[in-house]
Amino acid sequence: MAGGRGREAAGSAGGAAARWRPRAQGEAPLTTWYPAADLPSVPLQMLLHLSVLYSALYFVASLLVMVYKSQAFGYPRNCLVLDLTLLLLLGILEGARLYLGMKGNLLQAEVELATSLALTAGGSILSVHFMLWQTLVLWVDQILSTTLLALHSLEAALQLAALTAFLRRSWHPRFPHWP
């Protein structure tokens, strides 16, 4: 066993099927190499996972700040209902945007990624609303919304880069579009 190769040298036990053997003439390799254009964008996927966490934090923190503002200040009821509705709309929009972004990146689906990019623009507009145009804007609102806007802009740039790579790959004759 000391002179073994492959899995036996690494110390994994798997019986006779796991032993290393030389490849026969014309046999396909065990691993497949994919060009870099065929892989999903890892930085985009990491940023989308970070955005899932931050969006949950943003939603809960904004909801708590709105409750605080309604108790501590004279927050008008009609404006409170409007701001709560827009916050709920932002939560739904963020969930759909992040789901489509992750799915579009992992499956290299151009339509889902482009839809996520369009929803990013809508989420950015709502983020600017909570940063500037809300009835009562506290510094906590500005910090939370500025961070969300920064994440949206980074994601939009990475989504554009991934989308162009996926579209270039599907139109390039050397790299046919794989299902």
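A residue is called buried here when its relative accessible area is under 20%, and in this predicted model that definition gives a way into helix α2, which runs over residues 42–72. The buried residues of α2 are Leu44, Gln45, Leu47, Leu48, Ser51, Tyr54, Ser55, Tyr58, Ser62, Val65, Met66 and Lys69. In reading such a list it helps to recall that an α-helix has 3.6 residues a turn, so residues three or four places apart point the same way.

The helix itself has 31 residues, and from its first C-alpha to its last it reaches 44 Å, close to the 45 Å expected at 1.5 Å a residue. At the start of α2, the backbone nitrogen of leucine 44 has a side-chain oxygen of serine 41 within 3.3 Å, and Leu44 is also one of the buried residues of this helix.

Some of the buried residues of α2, among them Tyr58, Ser62 and Met66, lead on to a cavity. The structure holds one cavity of 30 Å³ or more, and the largest cavity has a volume of about 40 Å³. Its lining is made up of Tyr58, Ser62, Met66, Phe130, Gln134, Asp141, Leu144 and Ser145, and the elements that give two or more residues to this lining are α2 and α5, the latter covering residues 139–171. By character, the lining residues divide into four nonpolar, three polar and one charged.

Helix α3, residues 77–107, likewise has 31 residues, and its reach of 45 Å from first C-alpha to last is close to the 45 Å expected at 1.5 Å a residue. After α3 comes glutamine 108, whose phi is positive, near 55°.

Terms used
Residues are numbered from 1 along each chain as its sequence is written. This is a predicted model: local features need pLDDT of at least 70, side-chain atom pairs count only at pLDDT 80 or more; totals for chains, interfaces and linings use all residues. Side-chain values use heavy atoms; hydrogens and water are left out. Helices (H or I, at least four residues) and strands (E, at least two) are DSSP runs, numbered from the N terminus. The expected span of a helix is 1.5 Å times one less than its number of residues. Buried means under 20% relative accessible area, exposed over 50%, partly exposed in between (1.4 Å probe, protein chains only). A polar contact is a pair of N or O atoms within 3.5 Å; within protein, one must be able to donate a hydrogen and the other to accept it, and residues adjacent in sequence count only if both atoms are side-chain atoms. On a 1 Å grid over the protein atoms alone, a cavity is a set of points where a 1.4 Å probe fits but cannot get out, and a pocket is an open set with protein on both sides within 12 Å along at least five of seven lines; lining residues have an atom within 4 Å of a point. Grid points are joined across faces, edges and corners, and a volume is the space filled by probe spheres set on the points. Ala, Val, Leu, Ile, Met, Phe, Trp, Tyr, Cys and Pro count as nonpolar, Asp, Glu, Lys and Arg as charged, and the others, Gly among them, as polar.
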